[in-house]
Amino acid sequence: MEKSEEAGADDKPNFRYRGIKAMPFIVGNETFEKLGTVGTSSNLLVYLTTVFNMKSIRAVTLINIFYGTTNLGTLVGAFLCDTYFGRYKTLAFATVASFMTSFQLDGMLVITLTALVSKLHPPHCETEHIGSCIVPTPWQIAFLLLGFGLLVIGASGIRPCNLAFGADQFNPTTESGKKGLNSFFNWWYFTGTVAMMIALTLIIYVQSDVSWALGLAIPTFLMFLACVLFFMGKRIYVKVEPKGSPMKSVMQVIVAAARKRHLKLPEQPWLTLFSHVPSNSINSKLPYTNQFRFLDKGAIITPEDQISSGGSAANSWRLSSIQQVEEVKCLARVIPIWASAIIYYTALSQQQTYTVFQALQSNRDLGQSNFKIPAASYSIFSMLGLIIWIPIYDQIMVPLLQKITGKEGGITVLQKMGVGMFLSIVTMLVSAFVEQQRRSLALSELTLRIDPRRGVVSSMSGLWLIPQLTLVGVSEAFTVIAQVEFFYKQFPESMRSIGGSFSFLGVAVSSYLSSFLVSTVHQTTAGAATGNWLPEDLNKGRLDYFYYLVAALGVINLGYFLLSANWYKYKENVCITQELPMDRIESEKPLF
């Protein structure tokens, strides 16, 4: 456990870290935010196809764009947080705004109104062929998109800053702080997953089967609890203030390097390049690295460059310090690793969309009872896999791996990401096999019934979807948690909220890519000999082929990730100016 402790006298600035004592307030805020939003957004796919009479392809495309925009909005929130307001003020404003102005809740209310008010959605379709259903009018779509827009605004404030703010509460220079930080990333994701499970079951049930009014009152009360919990911890928080736009420093390095692109680098750049770290900087001093050496030219001192009395460059657009250059290198090194996650998240997104359609055409009866598992609730099994695996990994696997490897955390974050990516490939292969069995039973054996909107419902139990969903959860426990930890630790301290938003940015790009992939496959295979892979009736398509395609992309992506991870150099901090021989610098590259 992290104890309350003062940072050393040489640390700038001086904080009193409370570590684990601050966690109930921060994690509670994040948990209740998820409880308030997931219950509505997770059921949207079924809602669009049944209430708005949308075709599956259009609904999947709209949902992917919605998820992508929601996660893209966190980048804006992170920029404002790191540049102007700081994490505490941004979270305080976002938490109060979420409750008082209720962007999330307004979005839920708008979407709820589209269901309650008959004029806000098209007439219910009773026909067997969805092509003959009445489609929504442009203003009905506009009102629906208004609800989506409000949900996007509400999610952009809390999500990018909460994780970085929680990690700020641990002292990264002490053993107890490092241990607490490693566990924090696991348990932060664990509690968020539990919240989503509750939302996928209890809140969806209340909204659908009890009362929409009560179902919307519950998230309102939960957001109130988020406000109370967050401000209860005000006196013990470590509050890191922003030091201006970190992206401005990035641009200054690029411009300075471009201006001096014709200059020749010195033989020992770590000794002769301009070195200056402002006294009020919150960033740790970084050692020199020999990657992206063209950026080093921005730190070459020429006769035209002037140094101010405080030791800084008079014109930062002409001369950058080696510290600034290394901070930009941190950002540049992260990008290839970040890019490898796009295909990974694309594979995961199929389990959030087409698995729902698989469930709709499977036997969802629970035993001999009359209870039918909602198709959207099957994703709870991926979360069960995650929350069961995290304690096992954190309490059993990590100590065991630490004894074997001697590394903090057992294996590196990049190794954890690689394991998760491999499991995502296995997930797609299992998904393809299960779909083959579901389709085969639907076409060759007696079926339960015929869905007027989709076709024959297979006699295969929907519980056979559990293996692929469980694998998704375990995969997330490796890759997603490792990625969050990776971005937090590898970004400069002044850019950690932006680093936190990189995970969301990866999900955003993958959502757009998934939408493009689904549309392309649908259009390309429409006239193929195998038939359309992704029709309304999955029994007439080849969803299993689509899963194999995604698995193949995953294999290529895993190869790319392994190359990128082997090339990557982890960020290291130093307390004094480094004077390292070049052979030491070149040997820093770990086998990820």
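Here are a few short exercises on this structure, each with a worked solution.

Keep in mind that this is a predicted model, where local features need pLDDT of at least 70, side-chain atom pairs count only at pLDDT 80 or more, and totals for chains, interfaces and linings use all residues. Residues are numbered from 1 along each chain as its sequence is written, and side-chain values use heavy atoms, leaving out hydrogens and water.

**Exercise 1.** Find where Gln-252 sits, decide whether Gln-252 is buried or exposed, and list what Gln-252 touches.

*Solution.* Start with the location: Gln-252 is in helix H8, residues 246-259 (helices are DSSP runs of H or I, at least four residues, numbered from the N terminus). Next, check the cover. Buried means under 20% relative accessible area, exposed over 50%, and partly exposed in between, using a 1.4 Å probe and protein chains only. Gln-252 has 9%, so Gln-252 is buried. Last, look for contacts, meaning heavy atoms within 4.5 Å. Leaving out residues up to four places away in sequence, Gln-252 touches Ser-316, Trp-317, Ser-320 and Gln-324.

**Exercise 2.** Work out which parts of the chain the salt bridge between Asp-305 and Arg-318 ties together.

*Solution.* First, the rule: a salt bridge is a side-chain nitrogen of Lys or Arg within 4 Å of a carboxyl oxygen of Asp or Glu. By this rule the count comes to eight. For Asp-305 and Arg-318, the closest N and O atoms are 3.5 Å apart. Both residues lie in the loop between helix H9 (269-272) and H10, so the pair ties together parts that are 13 residues apart in sequence. Now compare the cover: Asp-305 is buried at 10%, while Arg-318 is partly exposed at 27%.

**Exercise 3.** Say which helices are linked by the salt bridge between Glu-485 and Lys-416.

*Solution.* Begin with the distance: the closest N and O atoms of this pair are 3.5 Å apart. Then place each partner: Glu-485 is in helix H13 (residues 466-490) and Lys-416 is in helix H12 (residues 413-444). The pair links distant parts of the chain, 69 residues apart. Finally, both Glu-485 and Lys-416 are buried.

**Exercise 4.** Locate the kink in helix H11 and check whether the residue at its centre is buried or exposed.

*Solution.* Helix H11 covers residues 380-405, and its kink of about 45° is centred on Tyr-393 (the bend is the angle between axes fitted to the seven residues ending at a residue and the seven starting there). Tyr-393 is one of the buried residues of H11. Just after H11 comes Gly-406, with a positive phi near 75°.

Notes. Helix = DSSP H or I, 4+ residues; strand = E, 2+ residues; numbered from the N terminus.
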